[in-house]
Amino acid sequence: MTDRALHLSRWVTCAVVVLAGLLLTSAVVLGGSAGGTLPTGRSVTAQSDSWRLSSRFTHDTATIETSGRKIVVAPTAVLLDGRPLATLDAAAKSVDVRVKKKTITIVADGKMVVTHSW
């Protein structure tokens, strides 16, 4: 391999490593969001700074998995890993779940319900 080809090969390898690092960093920093409206009419949204966010919606419950935690938004409660975290008004039309830096914040109809860190 010529000096020029070797130099080009090293440059391309370095560029690929930097690009992969940028993509990984943006996935971790940017996080994700999900949301939907339950058949009951309640809107549930979730935002997380974690690279993994999944959600499932059933008749009256939304289940969100992110940051290694399972969050269940039930008709009158929010559960974190199967344990009660907060009480919700059954009439609440929108629930926002925000996870950032290992802190979960629940907002219902624009009003703060609870903030919890782990």
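**Strands and bridges in a predicted model**

Reader: Which residue in strand 6 is the bridge partner of Ile 71?
Author: The partner of Ile 71 in strand 6 is Leu 80. The model is predicted, with pLDDT of at least 70 needed for local features and 80 or more for side-chain atom pairs, while totals for chains, interfaces and linings use all residues. Residues are numbered from 1 along each chain as its sequence is written, and side-chain values use heavy atoms, without hydrogens and water.

Reader: What makes strand 5 and strand 6 a pair?
Author: Two strands pair if DSSP finds at least two bridges between them. Strand 5 (residues 69–73) and strand 6 are joined by three bridges, so the condition is met. They run antiparallel, and a hairpin of three residues links them.

Reader: How do you know that strand 6 and strand 7 pair?
Author: Four bridges lie between strand 6 and strand 7 (residues 83–87), in the antiparallel sense; the condition asks for at least two, so these strands pair. Leu 79 has Pro 84 as its bridge partner in strand 7. The hairpin between these strands has two residues, and Asp 81 in the turn has a positive phi of about 55 degrees.

Reader: Why is 77–80 called a strand, and which residues are on its covered face?
Author: A strand is a DSSP run of E with at least two residues, and a helix is a run of H or I with at least four, both numbered from the N terminus. Strand 6 spans residues 77–80, so the length condition is met. Val 78 and Leu 80 form the covered face, Ala 77 and Leu 79 the uncovered one. In a regular strand, side chains alternate between the two faces of the sheet.

Reader: What makes strand 1 and strand 10 edge strands?
Author: An open sheet of five strands has the order 1-2-8-9-10, with mixed pairing. Strand 1 (32–37) and strand 10 (111–117) each pair on one side only. Strand 10 pairs with strand 9 (residues 103–108) over six bridges, in the antiparallel sense. Thr 103 stands opposite Ser 117 there.

Reader: What share of the protein is buried, and by what cut-off?
Author: Buried means under 20% relative accessible area, exposed over 50%, and partly exposed in between, with a 1.4 Å probe and protein chains only. Of the 118 residues, 27% are buried.

Reader: How many helices and strands does the protein have?
Author: There are one helix and ten strands. The helix comes before the strands, in the order α-β-β-β-β-β-β-β-β-β-β from the N terminus.
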